[in-house]
Amino acid sequence: MGIPYSLEEILKLKEENNGYYDDDGFCIMENGEFFDPWGYRFDPDGYDEYGGYYDDDGVYVPGSGYEDEYYKNY
């Protein structure tokens with residue numbers, strides 16, 4: 001979907017925002033925002049810039065209107 005953040009960018013943000021890595025490789029920020037293991041950013045409500053999110057089973061669900069693009073590219 002969007003362009004992922006680099007590891008260097010994530011590590012800098014992690015330090016600035018009291019972040020930590022969880023057991024699944026997600027970088028969680030103090031404000032609830034997080035980066036998935038591939039470097040994509042999600043807001044505190046759990047959504048990326050396209051409305052996508054991870055379901056309870058840890059599967060990424062693309063946002064409404066982006067399904068075809070997501071499944072075509074990924």
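This tour of a predicted model proceeds from the sheet to the charged residues and then to the aromatic rings.

**The sheet**

Begin by selecting the strands β1 to β4. These 4 strands form an open sheet in the order β1-β2-β3-β4, and their pairing is antiparallel. Strand β1 (20-21) and strand β4 stand at the edges, each with a single partner strand, so one side of each has no neighbour in the sheet.

Next, restrict the selection to strand β2 (residues 27-28) and strand β3 (residues 34-35). They pair in the antiparallel sense over 2 bridges. Within this pairing, Cys27 has Phe35 as its bridge partner in β3.

Keep Cys27 selected and add Leu11, which is placed in helix α1. The two residues are 16 residues apart along the chain, and their C-alpha atoms are separated by 8.8 Å. Leu11 has a relative accessible area of 37%, and is therefore partly exposed.

**Glu33 and Arg41**

Move to Glu33, in the loop between β2 and β3. With a relative accessibility of 15%, Glu33 counts as buried, because the limit for that class is under 20%. What does the side chain of Glu33 meet in a salt bridge? The partner is the side chain of Arg41, at 2.8 Å from N to O. Arg41 is partly exposed, its relative accessible area being 28%.

Now display the surroundings of Glu33. Leaving aside residues up to four places away in sequence, Glu33 touches Cys27, Ile28, Arg41, Phe42, Asp43 and Pro44. Cys27 thus appears again here, as a contact of Glu33.

**The other salt bridges**

The structure holds 3 salt bridges. For another of them, select helix α1 (residues 7-16), where both Glu16 and Lys12 lie, 4 residues apart, or about one turn of the helix. Glu16 forms a salt bridge with Lys12, and the closest N and O atoms are 3.9 Å apart. Are these two residues buried or exposed? Both Glu16 and Lys12 are exposed.

Then select Lys14 and Glu15. These residues form a salt bridge in which the closest N and O atoms are 3.3 Å apart. Lys14, at 18% relative accessibility, counts as buried, whereas Glu15, at 59%, counts as exposed.

**Asp48, a buried residue with no salt bridge**

Select Asp48, which lies in the loop between β4 and β5. Asp48 is buried yet has no salt bridge. How far away is the nearest side chain of opposite charge? That side chain belongs to Arg41, and it is 12 Å away.

To see what lies close to the polar atoms of the Asp48 side chain, show the backbone of Tyr50 and Gly51. The backbone nitrogen of Tyr50 lies 2.9 Å from a polar atom of the Asp48 side chain. For the backbone nitrogen of Gly51, the corresponding distance is 3.0 Å. Not counting residues up to four places away in sequence, Asp48 touches Arg41, Phe42 and Tyr60.

**The aromatic rings**

Finally, display the aromatic side chains. A pair of aromatic rings is described by the distance of the centres and the angle of the planes. The structure holds 9 aromatic pairs. Select Phe42 and Tyr54, whose ring centres are 5.4 Å apart and whose planes stand at 50°, so the pair is tilted. This pair links distant parts of the chain: Phe42 belongs to strand β4 (residues 41-42) and Tyr54 to strand β5 (residues 53-54), 12 residues apart. Both Phe42 and Tyr54 are buried.

Turn next to Tyr47 and Tyr53. Their aromatic pair is edge-to-face, with 5.6 Å from centre to centre and 65° between the planes. Tyr47 counts as partly exposed at 39% relative accessibility, and Tyr53 likewise counts as partly exposed, at 32%.

For the last selection, which residues form one aromatic cluster? They are Phe26, Phe34, Phe42, Tyr54 and Tyr60. Two members of this cluster have already appeared as contacts of Asp48, namely Phe42 and Tyr60. Phe42 is also among the residues that Glu33 touches.

Key: Residues are numbered from 1 along each chain as its sequence is written. This is a predicted model: local features need pLDDT of at least 70, side-chain atom pairs count only at pLDDT 80 or more; totals for chains, interfaces and linings use all residues. Side-chain values use heavy atoms; hydrogens and water are left out. Rings of Phe, Tyr and Trp (its six-membered ring) pair if their centres lie within 6.5 Å; planes under 30 degrees apart count as stacked, over 60 as edge-to-face and the rest as tilted. Buried means under 20% relative accessible area, exposed over 50%, partly exposed in between (1.4 Å probe, protein chains only). Lys and Arg count as positive and Asp and Glu as negative; His and the chain ends are not counted. A salt bridge is a side-chain nitrogen of Lys or Arg within 4 Å of a carboxyl oxygen of Asp or Glu. A polar contact is a pair of N or O atoms within 3.5 Å; within protein, one must be able to donate a hydrogen and the other to accept it, and residues adjacent in sequence count only if both atoms are side-chain atoms. Contact means heavy atoms within 4.5 Å. Two strands pair if DSSP finds at least two bridges between them.
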